[in-house]
Amino acid sequence: QVQLVESGGDLVQPGGSLRLSCAASGIIFSIYTMGWYRQAPGKQRELVALITSGGSANYVDSVEGRFIISRDNAKNTVYLAMNSLKPEDTAVYYCNAYRGALGYWGQGTQVTVSS
């Protein structure tokens, strides 16, 4: 049984920082591309960042330079370090694992950026 469990979401003030974690089980983590997506109320889910099995990272323009995605294959965990947070970063953040036709989602963690 595949499980992706996100944690680390919280309420934070603008300009603050958070680190999200996603612990995976039931897959050979090291061969999967891992991603973070987010969905704000009334909006479609969007890709935030991806990291390949080889460690190459890509980001949506709106978070480039503020967010960093990383992975620890020994811990089967992917992270998203979020800095200089803005109110528009408020969303439910979802972890995703995919390889070819196989894809899995976590249940999401809420990030709220507000003063």
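**Note on strand pairing, the disulfide and the salt-bridge network**

1. C95 has a relative accessibility of 0% and therefore counts as buried. The model under review is a predicted one. C95 is a suitable starting point, since the cysteine belongs to strand β9 and is joined by a disulfide to C22. The remarks below begin with this link, continue with the strands around β9, and then turn to charged side chains and backbone angles.

2. The structure contains one disulfide. The sulfur atoms of C22 and C95 lie 2.1 Å apart, and the angle of -80 degrees about the S-S bond makes the link left-handed. The two cysteines stand in distant parts of the chain: C22 is in strand β3, residues 18-25, while C95 is in strand β9, and 73 residues separate them. C22 also counts as buried, because its relative accessibility is 0%, under the 20% limit that the term requires.

3. Which strand pairs with β9 over seven bridges? The partner is β4, residues 33-39, and the pairing with β9, residues 91-99, is antiparallel. Within this pairing, T33 has Y98 of β9 as its bridge partner.

4. Strand β9 also pairs with β10, residues 102-105, in the antiparallel sense, here over four bridges. Y98 takes part again, with G103 of β10 as its bridge partner. Y98 is thus named in two bridges, one with T33 and one with G103. The strands β9 and β10 form a hairpin with two residues between them. In that turn, G100 has a positive phi of about 60 degrees.

5. A further antiparallel pairing joins β9 to β11, residues 109-113, over three bridges. In this case the bridge partner of A91 is V111 in β11. Taken together, the pairings described here place β9 alongside β4, β10 and β11, each in the antiparallel sense.

6. How many salt bridges does a search of the whole structure find? The search finds three. As general background, side chains of opposite charge can pair when their charged atoms come close. The side chains of E46 and R38 form one such contact, with an N to O distance of 2.7 Å. R38 counts as buried because its relative accessibility is 6%, whereas E46, at 31%, counts as partly exposed.

7. R38 also forms a salt bridge with D89, the closest N and O atoms being 3.0 Å apart. This contact links distant parts of the chain: R38 belongs to strand β4, D89 sits in the loop between β8, residues 77-82, and β9, and 51 residues separate the two. Is D89 buried or exposed? D89 is buried, because its relative accessible area is 0%.

8. A second salt bridge of D89 is made with the side chain of R66, at 2.8 Å from N to O. Here too the partners come from distant parts of the chain, 23 residues apart: D89 from the loop between β8 and β9, and R66 from the loop between β6, residues 57-59, and β7, residues 67-72. R66 counts as buried because its relative accessibility is 11%. Salt bridges with shared partners combine R38, E46, R66 and D89 into one network.

9. Two backbone angles deserve the reader's attention. Most residues other than glycine have a negative phi. N76 is not a glycine, yet its phi is positive, at about 50 degrees. N76 is located in the loop between β7 and β8, and counts as partly exposed because its relative accessibility is 25%.

10. S84 likewise has a positive phi of about 50 degrees without being a glycine. S84 is located in the loop between β8 and β9, the loop that also holds D89. S84 counts as partly exposed because its relative accessibility is 42%, whereas D89, at 0%, is buried.

Methods. Residues are numbered from 1 along each chain as its sequence is written. This is a predicted model: local features need pLDDT of at least 70, side-chain atom pairs count only at pLDDT 80 or more; totals for chains, interfaces and linings use all residues. Side-chain values use heavy atoms; hydrogens and water are left out. Two strands pair if DSSP finds at least two bridges between them. A disulfide is a pair of cysteine sulfur atoms within 2.5 Å. Buried means under 20% relative accessible area, exposed over 50%, partly exposed in between (1.4 Å probe, protein chains only). A salt bridge is a side-chain nitrogen of Lys or Arg within 4 Å of a carboxyl oxygen of Asp or Glu.
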